[in-house]
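Please look through the structure shown below with the following explanation beside it. The paragraphs start from a single residue and widen out to the chain as a whole.

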Amino acid sequence: MNLFLKRMASPTALGVFFMLSGAFAFGTAQFLQRIMHLMPCELCYLERKPWIVLFILGIIMLISKKHFFKSLATCGCAVILISLGLGVLHIGVEHAWWPSPFPSCAAQTSLFKGGTAHLLNNLPELPSKPCDFPDYLLGLPLTLWSFIYSGIVFLGTGLLIYINVMKSSLSTEK
């Protein structure tokens, strides 16, 4: 058990955790879109961006010096908190607690004004999905699953940082 804690206390472990967390979240979104054919909305696309940033932070953490650990860990926590905030925003839009900040999240009613010619000339390249129309997995909206995952990653990050801080404080006491 002591060897396990030593390995988990390294900055490398947090970098790998960031990379795996980001890759899993982004990979799951791609799987749901490309394999399961679920159409993402504008907020869904926005929710993917923090995971890409977290993946890149993980790579930087693996190749950088240990004295950047605190800065990179703080950036990682901020990115995960942004993901949590976007999850709350998306859940609120889906449940009509507040409107979406993106005009593309609403159904485009302007397309239907002006007849068939206007409609055919102004169709978007890709159909857009309204942000208030949720998709479900195991009885829960995907946005809630995303929020839960972000919370778990945030707690895991906090645990790894705590283990690292405890290890460094124990090594300075000796």
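**From a loop into the helices**

C41 sits in the loop that joins α2 and α3, where helices (H or I, at least four residues) and strands (E, at least two) are DSSP runs, numbered from the N terminus. The model is a predicted one, in which local features need pLDDT of at least 70 and side-chain atom pairs count only at pLDDT 80 or more, whereas totals for chains, interfaces and linings use all residues. Residues are numbered from 1 along each chain as its sequence is written, and side-chain values use heavy atoms, with hydrogens and water left out.

Although C41 belongs to a loop, C41 is buried, because its relative accessible area is 3%; buried stands for under 20% relative accessible area, exposed for over 50%, and partly exposed for what lies in between (1.4 Å probe, protein chains only). If neighbours within four places in sequence are left aside, C41 is in contact with H90, K129, P130 and C131, contact being defined as heavy atoms within 4.5 Å. C41 and F133 are 92 residues apart in sequence, and their C-alpha atoms are 8.9 Å apart in space.

H90 also appears among the contacts of T143, which, neighbours within four places again left aside, are E47, H90, I91 and E94. T143 is part of helix α6 and counts as buried because its relative accessible area is 5%. Further along α6, which covers residues 142–173, comes S150, and S150 is buried with a relative accessible area of 0%. Not counting residues up to four places away in sequence, S150 touches W51, I80, S83 and L84.

**The helices and their core**

The helix α3 has 22 residues and reaches 33 Å from its first C-alpha to its last, close to the 32 Å expected at 1.5 Å a residue; the expected span is 1.5 Å times one less than the number of residues. Its buried residues are L43, E47, R48, P50, W51, L54, L57, G58 and M61, whereas I52, also in α3, counts as partly exposed because its relative accessibility is 37%. I52 and G22 are 30 residues apart in sequence but 6.0 Å apart in space, C-alpha to C-alpha. G22 is one of the buried residues of α2, which also include L14, F18, A25, A29 and L32. The end C-alpha atoms of α2 are 34 Å apart, which agrees with the 34 Å that its 24 residues should span at 1.5 Å a residue.

The largest nonpolar core (a set of buried Ala, Val, Leu, Ile, Met, Phe, Trp, Tyr and Cys residues joined through side-chain atoms within 4.5 Å) has 14 residues, of which L14, F18, L54 and M61 touch the most other members. Two or more residues of this core come from each of α2, α3, α4 and α6, and the largest share, 5 residues, is given by α4. Apart from neighbours within four places in sequence, F18 is in contact with L54, F55, L57, G58, M61, L72, A73, G76, I80 and T157.

**Two loop residues with positive phi**

Most residues other than glycine have a negative phi. A96, which is not a glycine, has a positive phi of about 60°; its place is in the loop between α4 and α5 (115–121), and A96 counts as exposed because its relative accessibility is 65%. L138 likewise has a positive phi, near 55°, in a residue other than glycine. L138 lies in the loop between β1 (136–137) and β2 (140–141), and its relative accessibility of 74% is why L138 counts as exposed.

**The chain as a whole**

The secondary structure of the protein chain comes to 6 helices and 2 strands, and from the N terminus on the elements run α-α-α-α-α-β-β-α. Of the 174 residues of the protein chain, 32% count as buried. Among contacts between residues at least 6 apart in sequence, 76% join residues at least 24 apart.
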